[in-house]
Amino acid sequence: MLMVTMSLLRADAFLSPLEIEAAVTRALEEDLGRAGDITSIATIPEDSNGCAVVNARQAGVISGLPLVAAAFRRLSPQIEIAPHARDGAAIEAGAKLMTISGNARAILGAERVALNSLGHLSGIATATAEFAKRIAHTKARVVCTRKTTPGLRAVEKYAVRCGGGHNHRFGLDDAMLIKDNHIAVAGGIKAVLTRAKQSAGHLVKIEIEVDSLEQLQEVLDIGLADVVMIDNFDLASMRKAVAMVAGGLVIEASGGITLDTAAAIAETGVDYLSSGALTHSVQNLDVGLDIEM
């Protein structure tokens, strides 16, 4: 099971099998409840076998096939999985993604969890791929944020990587991101950066958000940050910020960035564009499952 599941991952993007198992387990428990799939139990003989094909009903970039395989295998370890694609692949409408053969009740019981996972994650990957395409002529990269579905952050961030994007921090524990509320409570930019630097380990990066060129200049004068987030700057201010920093800090642009504005923002010379919309506002990719007896 593990070998099949992991071979479906995008070649250059790792997703922990523990995260796959956790996501699938939660989803199946939610769907099967206390009595299981009472429709299939009532209408399908226990020993019936079947064959089904998972297919894409629209073009896009695929992500989530390891969760599909894990969902079916969780209900019947003997189910046979024949993949026809791999996560990260750009596919056309009508493409076959996977063939599943085995216990019919298990196939029907895991169908919705499998398709929900695949459609949602492929929607993220597809949106990310389009975003990355819009800025490919620049040095900038698109990154996701912590605006993810509770409990699904690791798999959603994996989907971003499947689409050619990159990940921001995974949680509050792997990097310091000082925002306006931190600055207000700590008593100003100098105070908050000084305290952060005193506490940060040698491998912990410090990023600070600024909402004006004046604040940016103060950050540069203090000199303790590694990354600066310029939040809701207009294009002219972004270009000024890039000139002020002059390569001394990594610059992340943030705040309402869309597909329509991404290219112009990337062309200002910033290093990263962060977009919460990659994970919180995407449309599912339409996928389906058809029984082939």
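Is Arg74 buried, partly exposed or exposed? Arg74 counts as partly exposed, since its relative accessibility is 40%, a value that lies between the 20% and 50% cut-offs. The legends below describe a predicted model and return to Arg74 in the view of its salt bridge.

**Figure 1. Overview of the protein chain in the predicted model.** The chain contains 12 helices and 12 strands. Its C-alpha atoms fill a box of roughly 75 × 35 × 30 Å along the principal axes. Of the 293 residues, 48% are buried. By the rule used here, there are six salt bridges; Figures 3 and 4 show some of them.

**Figure 2. Helix 2 and the residues at its ends.** Helix 2 covers residues 17–32, which makes 16 residues. At 1.5 Å a residue, a helix of this length should span 22 Å, and the C-alpha atoms at its ends are 22 Å apart, so the expected and the modelled span agree. The N-terminal end is capped by Ser16, which places a side-chain oxygen 3.1 Å from the backbone nitrogen of Leu18. Gly33 follows the helix and has a positive phi, near 55°. Buried residues in helix 2 include Ile20, Ala23 and Val24. Thr25, Ala27 and Leu28 are buried in this helix as well.

**Figure 3. The salt bridge between Glu21 and Arg74.** The closest N and O atoms of the two side chains are 2.9 Å apart. Glu21 belongs to helix 2 and Arg74 to helix 4 (residues 65–75), so this pair ties together parts that are 53 residues apart in sequence. Glu21 has a relative accessibility of 31% and therefore counts as partly exposed. Arg74, at 40%, is also partly exposed.

**Figure 4. Two further salt bridges, Arg10 with Asp12 and Glu130 with Arg134.** In the pair of Asp12 and Arg10, the closest N and O atoms are 2.5 Å apart. Asp12 is exposed, with a relative accessible area of 59%, whereas Arg10 counts as partly exposed at 23%. The side chains of Glu130 and Arg134 meet at 2.7 Å, N to O. Both residues lie in helix 5 (residues 104–134); because they are four residues apart there, about one helical turn separates them. Glu130 is partly exposed, with a relative accessible area of 28%. Arg134 is partly exposed too, with a value of 31%.

**Figure 5. Surroundings of Ser122 in helix 5.** Ser122 has a relative accessible area of 0% and is therefore buried. Its side chain reaches the backbone oxygen of Leu118 at a distance of 2.7 Å.

**Figure 6. Glu156, a buried residue without a salt bridge.** Glu156 is part of helix 6 (residues 153–162). The nearest side chain of opposite charge is that of Arg153, 7.0 Å away. A salt bridge has to be within 4 Å, so this distance is over the cut-off. The side chain of Glu156 does make polar contacts: one of 2.7 Å joins the side chain of His120, and another, of 2.6 Å, involves the side chain of Thr149.

**Figure 7. The open sheet of six strands.** The strands are arranged in the order 6-11-10-9-8-7, and their pairing is parallel. Strand 6 (141–143) and strand 7 (176–178) form the edges, each pairing on one side only. On average, neighbouring strands of the sheet are turned by 25° against each other, with direction ignored. In a regular strand, side chains alternate between the two faces of the sheet.

**Figure 8. Two strand pairs within the sheet, strand 7 with strand 8 and strand 9 with strand 10.** Strand 7 pairs with strand 8 (residues 206–210) in the parallel sense over three bridges. Leu177 stands opposite Glu207 of strand 8. Strand 9 (residues 227–231) and strand 10 also run parallel, and five bridges join them. Here Met229 stands opposite Glu252 of strand 10. Strand 10 (residues 250–254) is mostly covered, with four of its five residues buried.

How values were computed: Residues numbered from 1 in each chain as written. Predicted model: local features only at pLDDT ≥ 70, side-chain atom pairs only at ≥ 80, totals over all residues. Heavy atoms only, no water. Expected span 1.5 Å × (residues − 1). Buried < 20%, exposed > 50% of the residue type's maximum accessible area, 1.4 Å probe, protein only. Polar contact = N/O pair within 3.5 Å; in protein donor to acceptor, adjacent residues only side chain to side chain. Pairing = 2+ DSSP bridges. Axes fitted to C-alpha atoms, helices over the stretch in contact; angles between N-to-C directions. Lys, Arg positive; Asp, Glu negative; His and termini not counted.
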